[in-house]
Amino acid sequence: MEGRKLSMGIIGSHLQAAAILVVVMVMALMTDAASTSKVSPLKVGFYATSCPSAESLIQRATQTKFNVDKTITAGLLRIFFHDCFVQGCDASNLIKSTATNKAELDAVPNLTLHGMDLIDTAKAAVEEACPGVVSCADIIALATRDAVVIAGGETYAVPTGRRDSRVSLASSVNLPGPGFSVASAAAAFRGRGLDITDMVTLLGAHTVGGAHCEFFYNRLYNFNGTDGLQDPSIAESLAASLKAACPMKPVTSRYLVGKTTVAIDQGTEFVFDKSYYHQLQHNHGVLQIDQELTHDPTTSPIVKSLAKGSATHFSSSFGNAIVKMGNIGVLTGSQGEIRRICSKIN
């Protein structure tokens with residue numbers, strides 16, 4: 001994968017995988033938790049009168065993109081996650097940097113985001129139909145849902161009415177990533193108003209994800225800082241496959257972001273299904289955080305339940321969790337703005 005096509009950090013996905021992490025500040029977590037506990041001001045069908053064609057236009061653009069690039073599902077999931085976890089679901093990670101401001105898009109975890117071109121295409125379509133009405137933040141949420149459905153997941157209703165942020169700072173990007181322990185990841189999710197079941201369910205987005213070598217290299221060749229040591233929790237068949245894709249390299253020439261990508265779901269990498277959880281139960285988790293879900297006593301029962309349950313159970317659980325995530329720190333009413341171009345503040 002070239003350029004911005006990576007896998008999802010902790011969520012997803014090519015869920016385009018990973019994020020280099022800054023520890024979440026305790027006070028920030030408390031503030032976010034408080035804000036997400038309020039009743040959501042969003043509603044399903046927000047544009048029914050002001051722009052009745054909005055959702056169909058976004059769905060059409062998403063389908064067209066998926067037809068030529070099946071990694072778009074993972075890409076959108078990762079954009080949505082990275083947006084909501086940094087100052088809320090306000091499309092602040094779409095804004096490009098200027099000479100006087102380094103925006104979120106240029107923070108290291110966002111350098112490999114993939115799918116902004118689809119957001120731009122959908123935005124252009126709704127702007128032509130209804131100028132200045134539909135926010136970029138809502139386009140992210142709706143296109144993500146459409147991509148999940150197109151990839152085989154169940155549909156879910158998306159509350160809308162978000163507005164776009166006028167602020168985007170690279171320094172504000174604090175994201176949980178693939179090297180986090182279950183406890184650390186759970187604390188980060190909890191700080192955003194999401195419980196541990198939400199976390200394990202949202203990590204199911206990795207069923208359409210991919211990961212670059214640098215995000216699991218240490219599990220193969222330098223586990224816990226011991227040179228040559230392999231993570232004993234990796235199934236040997238998976239380790240052999242990963243080593244073939246990502247051979248050991250000297251320290252001076254380790255893998256760079258955006259190069260070789262392997263599928264996190266080794267069976268149905270472009271299908272939104274529950275196979276991710278089955279693979280974890282057989283020690284086929286590519287990322288450390290994924291595999292630890294089956295060994296941690298707080299998350300193992302959730303993994304088992306999602307693996308054992310029906311496909312509909314997983315899809316409906318995922319829909320509920322991502323809608324909950326989509327309520328984090330939203331701007332509504334007169335807050336923020338409706339950007340004319342998603343990458344630029346008006």
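**View 1. Lys304 and Lys308 sit exposed on one side of helix α12.** Keep in mind that everything shown here comes from a predicted model. Across from these two lysines are the helix's buried residues: Ser300, Ile302, Val303, Leu306 and Ala307, all within the stretch 300-308 that makes up α12. Look down the axis of α12 and those buried residues fall within an arc of 160°, so they line one face of the helix. Why can residues spread along a helix point the same way? An α-helix has 3.6 residues a turn, so residues three or four places apart end up pointing the same way. And what do the buried residues of α12 pack against? Their partners are α7, α10 (275-281) and α13 (311-325).

**View 2. Thr207 is tucked into the loop between α7 (196-202) and β5 (209-212).** Is Thr207 buried or exposed? Its relative accessibility is 0%, and because buried means under 20%, Thr207 counts as buried. Zoom in on its side chain and you'll find a polar contact, 2.9 Å, with the side chain of Asp265. Leaving aside residues up to four places away in sequence, Thr207 also touches Thr268, Glu269, Val271, Phe272, Asp273, Ser275 and Tyr276.

**View 3. Here's the largest nonpolar core, with 93 residues.** Which residues have the most contacts inside this core? They are Leu94, Met199, Leu293, Phe318 and Met325. Helix α5 (residues 136-150) gives the core its largest share, 9 residues. Pick out Met199 and check what it touches: if you skip residues up to four places away in sequence, the list is Val182, Ala185, Ala186, Phe189, Leu293 and Thr299. One of those, Leu293, is also among the residues with the most contacts inside the core.

**View 4. Helix α4 (residues 116-129) packs against α5 at an angle of about 115°.** The axes of the two helices are 10 Å apart, and α4 passes α5 in a right-handed crossing. Where do they meet? From α4 come Ile119, Ala122, Lys123 and Val126, and from α5 come Cys136, Ile139 and Ile140.

**View 5. Helix α4 also packs with α2 (residues 54-68), at an angle of about 145°.** Their axes are 9 Å apart, and this crossing is right-handed too. On the α2 side, the contact is made by Ala54, Leu57, Ile58, Ala61, Thr62 and Lys65. On the α4 side, look for Asp117, Leu118, Thr121, Ala122, Ala125, Val126 and Ala129. Notice Ala122 and Val126 of α4: they take part in this contact, and they meet α5 as well.

Key
Residues numbered from 1 in each chain as written. Predicted model: local features only at pLDDT ≥ 70, side-chain atom pairs only at ≥ 80, totals over all residues. Heavy atoms only, no water. Helix = DSSP H or I, 4+ residues; strand = E, 2+ residues; numbered from the N terminus. Buried < 20%, exposed > 50% of the residue type's maximum accessible area, 1.4 Å probe, protein only. Polar contact = N/O pair within 3.5 Å; in protein donor to acceptor, adjacent residues only side chain to side chain. Contact = heavy atoms within 4.5 Å. Arc of directions from axis to C-beta. Core = buried A, V, L, I, M, F, W, Y, C linked by side-chain atoms within 4.5 Å. Axes fitted to C-alpha atoms, helices over the stretch in contact; angles between N-to-C directions. Left-handed = near helix turned anticlockwise from the far one by under 90°.
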